[in-house]
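Let's take a friendly walk through this model together. Have the sequence and the 3D view ready, and follow along as we go from strand pairing to helix packing.

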Amino acid sequence: DYGGLEGPVPSVPSASAFPPFSLSWSRQRCQRGAGWPAEKAEVPGGEESYPRTRLAMESSLEKMVDPTLAEMGKNLNEAMKMLEDNQRKIEEENEKKYVRKDIPGPLQGSGQDMVSILQLVQNLMHGEEEDESSQSYRLQNVGEQGHMALLGHSLAAYISVLNRERLRNLTTRILSDTTLWLCRLFRYENGSAYYHEDDREGLLKVCRLVIHSCYEDYTVEGFNVLYNKQPVIYISSAARTGLGQTLCSQLGLPLSCMCRVPCNTMFGSQHQMDVALLDRLIKDDIESGKLPLLLVANAGTPGAGHTDKLGRLKELCEQYNMWLHVEGVNLATLALGYVSSSVLAATKCDSMTLTLGSWLGLPAVPAVTLYRHEDPSLSLAAGLTSSQPVEKLRALPLWLSLQYLGHDGIVERIKHASQLSQRLLENLKNIDFIKTSVEDELSSPVVVFKFSPELPNIDQMLHAGPITSNERHISDTFNQWLGEQLAQLVPASGVDVVELEDEGTCVRFSPLLTSAVLGTEVQDVDQLVDCLKMKIPILTCTLQLREEFEQEVKRTVGLSYIEDLSWPGLGVVRYEYNSDRKNDDKQEKEAEKINTGLLKKLNELESDLSFSLGPEFGGEKNCVYIGMVTEDLDVSELVETIAATGREIEENSRLLENMTEVVRKGIQEAQVQLQKANEERLLEEGLLRQIPVVGSVLNWFSPFQASPKGRTFNLTAGSLESTEPTYVSKAQGTGTTPPATPTPSRLKQRLPGQKLFKRSLRSSDGFSETSSVSHTDDLEKLEQRSHSVSTAQEQGIVETEKAEQQNEIAQVTNDNTEDLQSQKSGNDGTKVEEQESLR
């Protein structure tokens, strides 16, 4: 039983030296050999973060033969317990706040104990700038299988000190076991495996293998053989960014050796490689003297998760003697019982790269590249195999983790991720204005969707014109905001934002890459759908009100509309400051001051809107950015309030500026007047009174009677006045009061409890035209108007209108009284007649 899959045993090096075994049997054997107890216990806190209690762990380690291995297990257990004890960390931080120091200090001569070092590591892991809740959430979901992977790294360091013969036997067994299990799990018969840290390194080694196979003299001649017949590597245009450049730079090839194959643009999927065009490209390269070397296909593109036509591509590679390499997240579904035919064709390719760390939630495990090749010497020359036993220990963390999970555990994790995708896809079908981009709705593990403002009616979509670049840009902006909001509201879902060539900005849900680490469950998907349903009406209303907001701003004096297609919100507005100054720098500073004050005033209002200065990078200067809105927004009131607030700030600014200038001129005028007054006083007193001794004697015999005269500056009136009235009345005048700043008329008609910029829910049909309430409102308006009118003539007109309005109210009241009395008398007569008839 090789993992529960049928088929012959792969021909793995040194595999014949060991008896057949299964994953479940190996797990039991490993537990018995290591002394692990079978039962599980929960640690305090409710989280099952350790498979056994600490006491059972220590007792089992004591039974081990190797005391060094037991001590290493103890240390690892204590280290993991200290690093993951978040509750104690929070309590310690509450008692004494740790301040991280980024400046490195000197190395202590006496050294530190392990507890102090681990405490330092813990503080560095949970920095002040990072979100502690999300970090602790990720650490808690490392799980037991993650502990096994971490234990593998410690064991690899310990095993490397063994003698060479024992080390070779042990590493050969670990490598052959892991290769055998992976080939059975993912239906890749007669394959070998290469374990690497960088997921691109496996493809790089495969390229070296193909070069050695196609160029016989490459080992001796080097680049000369490549120059005579240039190799060509074909990759899809939907491949991950920078893959072609990385391969060329690592292989020492020019970029002309890399050929990007476009995807289908007219028929079929927009993310699948165009096989017919690939055939023409290969023929053209052969005719020009080049050598088609290798084709990189996708079983799940990095963006949309689509799978290329692997069957047809394999036939094309066999026709031109090319190597076919496949990579992608959909390769994980090969471990399931049901596999789609498009993905199942990947088992016939020449090599494939598996990223088991993200699929199974295993930290720091290597990626695996499975390949088929008959010449082991070429594999050794390409670096796919190594004669160094230490390099073979890369598979040890994966060897431990696979045994811990077992065949059923591996399949269950991959199946769970696929079911999450199907659940989300079924819910998205029932949401309007959501467009999905899924290759196979029955078995697609990746769901890509976007908010599409197009109507769901197909006839309207067919008759509608082409989407302009501005509409496409706005759609991308709104979907960017939607993806960020969903990722923030439901972090356990693992959704992210992707840029696709044809669809634009989309939201992607790929649980095979995130669910094992984040611990995504069905309720997280349901919460994601609920949040999406709440955001769709906001997006729709904001998109509909953008044009109305633009028109209102353009009609309002003093405001200018700024078109910013990258802003996810209602729009951008700027209050224009017009000054007579010719200095552009001062005018720009004054405009910045007014718009900053406008933003502050708007944020102080009690409304549901969000106002900001825009994005940190790339935003317009001296503008107010308005965020998302709801359908009950009164756009005209919002624009009127912005304009009135801007005028108020501008008037206050100009008043202060004018006051400063008036004060300066007043001081100069006061100095001139006081100087003239001193000259006049000298003429009145005479020359003798100015002499110090003579003047004193003269003033003693004949005092000079003169009233004190001073100057005072009235800030309200802006005029220079004499201080004589002040000395007479012994009180300083207050002057006139400046008129109040006008406010928007709509703010005065607000109902109790109604927030700003919201349409009134009161219906006009509930009040009649002759209602006294409406007349009372009209009287209040006339009274307000009488306060704002300054001349006596307009006062008389308003008083006349007010008297006429009161007469109308009296007439209406009398009419209503007479009607009620007549109706009452009629009812009384009817009652009398009915009583007489009854008698």
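A good place to begin is a pair of valines: V573 has V624 of β15 as its bridge partner. Bear in mind throughout that the model is predicted. The two valines belong to a pairing of β13 with β15 that is antiparallel and comprises three bridges.

**The sheet around β13**

Stepping back, β13 and β15 are part of an open sheet of four strands, ordered β12-β13-β15-β14, with antiparallel pairing. At its edges lie β12 (559-562) and β14 (611-612), each of which pairs on one side only. On the β12 side, four bridges connect β12 with β13, again in the antiparallel sense, and L559 faces Y575 of β13 there. Towards the other edge, β14 pairs with β15 (residues 624-626) through two bridges, also antiparallel. In that pairing, S612 sits opposite Y625 of β15.

Here are the three pairings side by side:

| Strand pair | Sense | Bridges |
|---|---|---|
| β12 and β13 | antiparallel | four bridges |
| β13 and β15 | antiparallel | three bridges |
| β14 and β15 | antiparallel | two bridges |

Is β13 mostly covered or mostly uncovered? Four of the five residues in β13 are buried, so to speak of it as mostly covered is fair. Do look for helix α23 (residues 522-555) here too: α23 lies across β12, β13 (571-575) and β15, and runs at about 145° to β12.

**A helix pair elsewhere in the chain**

Now turn to helix α9 (residues 201-214) and helix α12 (residues 243-251), whose axes come within 10 Å and cross at roughly 50°. The two helices are therefore oblique to each other. The crossing of α9 past α12 is right-handed. Which residues of α9 and α12 make the contact? From α9 they are L203, L204, C207 and R208, and from α12 they are L243, L247, Q250 and L251. By character, the contact residues of α9 with α12 comprise six nonpolar, one polar and one charged.

**The chain as a whole**

Finally, zoom out. The secondary structure of the chain consists of 29 helices and 17 strands. The chain has 839 residues, of which 41% count as buried. Taking contacts between residues at least 6 apart in sequence, 69% link residues at least 24 apart.

Note on methods. Residues numbered from 1 in each chain as written. Predicted model: local features only at pLDDT ≥ 70, side-chain atom pairs only at ≥ 80, totals over all residues. Heavy atoms only, no water. Axes fitted to C-alpha atoms, helices over the stretch in contact; angles between N-to-C directions. Parallel < 35°, antiparallel > 145°, perpendicular 65-115°, else oblique. Left-handed = near helix turned anticlockwise from the far one by under 90°. Contact = heavy atoms within 4.5 Å. Nonpolar A, V, L, I, M, F, W, Y, C, P; charged D, E, K, R; others polar. Pairing = 2+ DSSP bridges. Buried < 20%, exposed > 50% of the residue type's maximum accessible area, 1.4 Å probe, protein only.
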